[in-house]
Each structure stands twice: as structure tokens, then as C-alpha cells.
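User: Could you take a close look at the pockets of this protein for me, and at how they sit relative to its domains? I'd enjoy a connected account.

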Amino acid sequence: MKTVRRILMGLSISSLCAYAVAVNAETITLDAMHAWPGHNPFYEKVAQAFTKENPDIVVRFRASPPSYDEAHQAVLRSMMTGQLPDVYFSGFHLLPELVHALQRRKQAVDLKPFIAQEQGQWLETNYEPSVLKLGQVEDTQYGLAFNASTPVIFYNADLVKKAGGNPDAFPTDWPALITLAANIAKTSEGINGMAYDVHAWPDDWLWRALIMEQGAPLMNPDGKTVAFDGQSGLHALQKARRFVTDGAMALRDFDQSRQQFVSGKLGFIFASPNSAKAFSELVGSRFDMRSSVFPLENKETGKVPTGGNAMLILAKDQKRQEAAWKFIKFATGPVGQTEAVLGSGYMPTNKLALQPQYLGDFYKKNPNWETSLKQIAYASPWGGYPGNHGVQIWRTQRDIIGSVMRGKVTPQDGLAQMVEATNALLAK
């Protein structure tokens, strides 16, 4: 006790106050969940950087489900058992379904009151209206976009050159792309031309891209039936079949396609820009890897779907909600986005993050990471299906698409099956 008294007597008033605050400070541990286990490292980096600035808040992540669809199912189960995480990173396409489910239990958290607390033009300074739209359901801001991506092409410039193509003028239209893929496959035995793994993709991102790039909608205005029951859907399935018959595409799991690409045995692959970091590291100096934009059949009205996720507050009590809001602000702010982008390859969702001190200079030196940004002008929200069967709808559609690509079902019959099955699930 004498030793303690001597220590306290030697402390200044300000030090004693700081000591008292530290003793009485309540550390809040936020429970958070995101999809894709391979993304754990950059999520952890963002969380650690946040805690460094906010030592009274710690973020702990649950085990990551293998896809957005699996994570969606997991959070719905957590809602039923009363074990929702405090913060959840929802895939954009499943956000409406999740919010509607939360609304039925009066658990949906509108971010408007939190945004209103911020000073000045905080919202406008940090986020583009198109980015804010990604986290909205029926014009209400339930989330802020954390990751964003549009589909891009990564290509082996060495194989392109070997096939007689020009790596500096990579094709931006489908016929030229498919022809190039066929020529690449002829360069050597065991080489495939292209990979568009819609038949094995864990969600409907690449399927929607084939409809949207035509300038066509997915749903009819009534919101009850699909709109791809005519030429747009047929054309998309015919194109998918041509990837195999004319573009020398082998039907593999999308992870296997990635392995083929980084080993130098695949001409080009359609993927998320979040592959930029992993591909760069795995390819190394094996070949000259570059990237290109997604081709649009309709150059005037064609769109590409914006993949990624939005951060939602699912915490119930006010203290945890305030802590969750601080984390969301940081993670979607310039510092958090810099950590996230450099750890993944995703597009930044914060305007300030494009300044030189954050990512601006980096993009100048790393053009493969910047390609997705070139598509912002025609990027569109990745909308989900109404109702509660979005995951089941895609799994049903994917099986049919795979059958078409394998030649077991004609594009015409495959489309009829997709339309009938999708509309039936929408009607439930």
C-alpha cells in the first residue's frame, strides 16, 4: 500500500484523471460476420486499424461462410435464434431480402439517425450517390458499401501475342473475344482459351452480367416475373454455350479455372477485381498479366452489375449500435478503404480514398487494379429477387445453365426451364 501511495502522490492531476478513465472505460467487443474465408486477412487489417484509433472497441469476426449466399442463410438462421451479429456485411443482391426479413421482426436499423449526427457535408464528401444506392432498400439507407466490384477480364498477354493478338489492344466485343480464345487454344496442347464460370459461380453475378450488358432488365415492372423470357435470355444462354463450343472453354469449378490461369494454361478469365492481388502474387513473373473491361453488347444502354457488400447494423442496444456505427464509418472511410483495397483489389467505395495519399498514386503504378474503376459510368446495382427464395432461385438457374453449356439442353429449352422455375419460386 505504501508503494501504491508513493506512486499516486507522484502522479499529476491529469495523469490521475487519465488513469481513472482507463480503469472505468468499458471495452465493447463487436460481433461481426462476413462471407468468403479467403478475405479474412484484409477484414482483420481493417478491424485492427479501427481498434488502434478506437481502443475501447474491439471487433471479433465469426467464422466466414464460403459465399454471400451461404452467409445470407446463416444470418437468417441467427435471426430466428436471436443470435444476430452486431455488424453484418450483406451481399448487395441479398440486401432487400434480408431487410424485409428484419422488418417483419422490427429489427431493421435505418442509418439515417446516425448519418444525421455527422457534421457538415460528411455524406456527400465521402460517398457518391451511386455508391450510397448500393446500401439502400426502397430509398432507405440500411447499409454503407464496404466492397464493390464489377466483372473484369484478366488475360495472359504472352498467350494473346502468341495467338496473333495484340495485348495492347485487347478485344472489347464478344465475337472478337471468342475468336481470340479459339486461337489461344491452338497455340499449344493443354491450353484453354477462356473461362466464364457462370455454371459454377456461387451467386448469379455473372448470369446477370450477360443480361445487363445487353441493356435488358432482369425483372418485369410488376416485380413478379422475370423479363429475360425472350431474346435477352436466349441470347445470353446461346453466348454461354458458344464459350464452350467456339471459345475453347473447359467446364471447371471456378477455383480450378483460377489455378489454370495463374499456371499459364488459360488465355483469359472473367473474374472479380478482388482477384488482382491474388493473381499478381501467384503469377509473379511467370507471364505478363493484364486486365481489361467487361464487353458490352449494347454500347449505349448496356450495364454491368456491381458486386460486393454493404455493412449493416444488427445490434439491438444503443451502445453497441453507436460502436457499430463508428466501425462502419471507419471501414467505409478513406483509411479503411485503403486497407481493404490493398488487401483485395476491390474498388474503393469512398471518394476521399482516391486521393494521392491513399490510393491515387497506387493506381497510377498498378493499372491492373484500376480496370474496374473504368466501368463506373455503366455500373449498376446488383439487384436481388423479391421474396425469400433468392438463393434457391440461383442454384436452380445455375444447374440449368450448366446443362446448356454442356450441350445436354438446348438454349431454347434451357430458357423455358429457367423462366418456369424462377417464376414459380417468385410466386411462393
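Analyst: Happy to; here is a walk through the domains, then the pockets, then one residue.

A word on the basis: this is a predicted model, in which local features need pLDDT of at least 70 and side-chain atom pairs count only at pLDDT 80 or more, while totals for chains, interfaces and linings use all residues. Residues are numbered from 1 along each chain as its sequence is written, and side-chain values use heavy atoms, with hydrogens and water left out.

The protein chain is divided into domain 1 (28-149 + 307-380) and domain 2 (152-305 + 385-427), with bounds that come from an automatic or database domain assignment. Their C-alpha centres lie 27 Å apart. Across the boundary, 30 residues of domain 1 are in contact with 33 residues of domain 2, contact meaning heavy atoms within 4.5 Å.

Now the pockets. On a 1 Å grid over the protein atoms alone, a pocket is an open set of points where a 1.4 Å probe fits, with protein on both sides within 12 Å along at least five of seven lines, and lining residues have an atom within 4 Å of a point.

The largest pocket has a volume of about 660 Å³, taken as the space filled by probe spheres set on the points. Among its 32 lining residues, W36, H39, R258, N274 and S275 lie nearest the centre. Two or more lining residues come from each of α3 (40-53), α13 (254-262), β9 (266-271), α14 (275-283) and β11 (304-313); helices (H or I, at least four residues) and strands (E, at least two) are DSSP runs, numbered from the N terminus. The largest share, four residues, is that of α14. By type, the lining holds 15 nonpolar, 10 polar and seven charged residues. Both domains take part, each giving at least three residues.

The second largest pocket, at about 570 Å³, has 21 lining residues, with P96, P381, W382, G383 and G384 nearest its centre. Here β4 (136-137), α11 (205-212) and β12 (379-381) each give two or more residues. Its lining divides into 13 nonpolar, four polar and four charged, and it too draws at least three residues from each domain.

Lastly, T349 sits in the loop between α16 (334-342) and α17 (356-365). T349 counts as buried because its relative accessibility is 3%, the cut-off for buried being under 20%. Its side chain reaches the backbone oxygen of A145 at 2.8 Å. Beyond four places in sequence, the contacts of T349 include N126, Y127, F146 and T332.

How values were computed. Buried < 20%, exposed > 50% of the residue type's maximum accessible area, 1.4 Å probe, protein only. Polar contact = N/O pair within 3.5 Å; in protein donor to acceptor, adjacent residues only side chain to side chain. Nonpolar A, V, L, I, M, F, W, Y, C, P; charged D, E, K, R; others polar.
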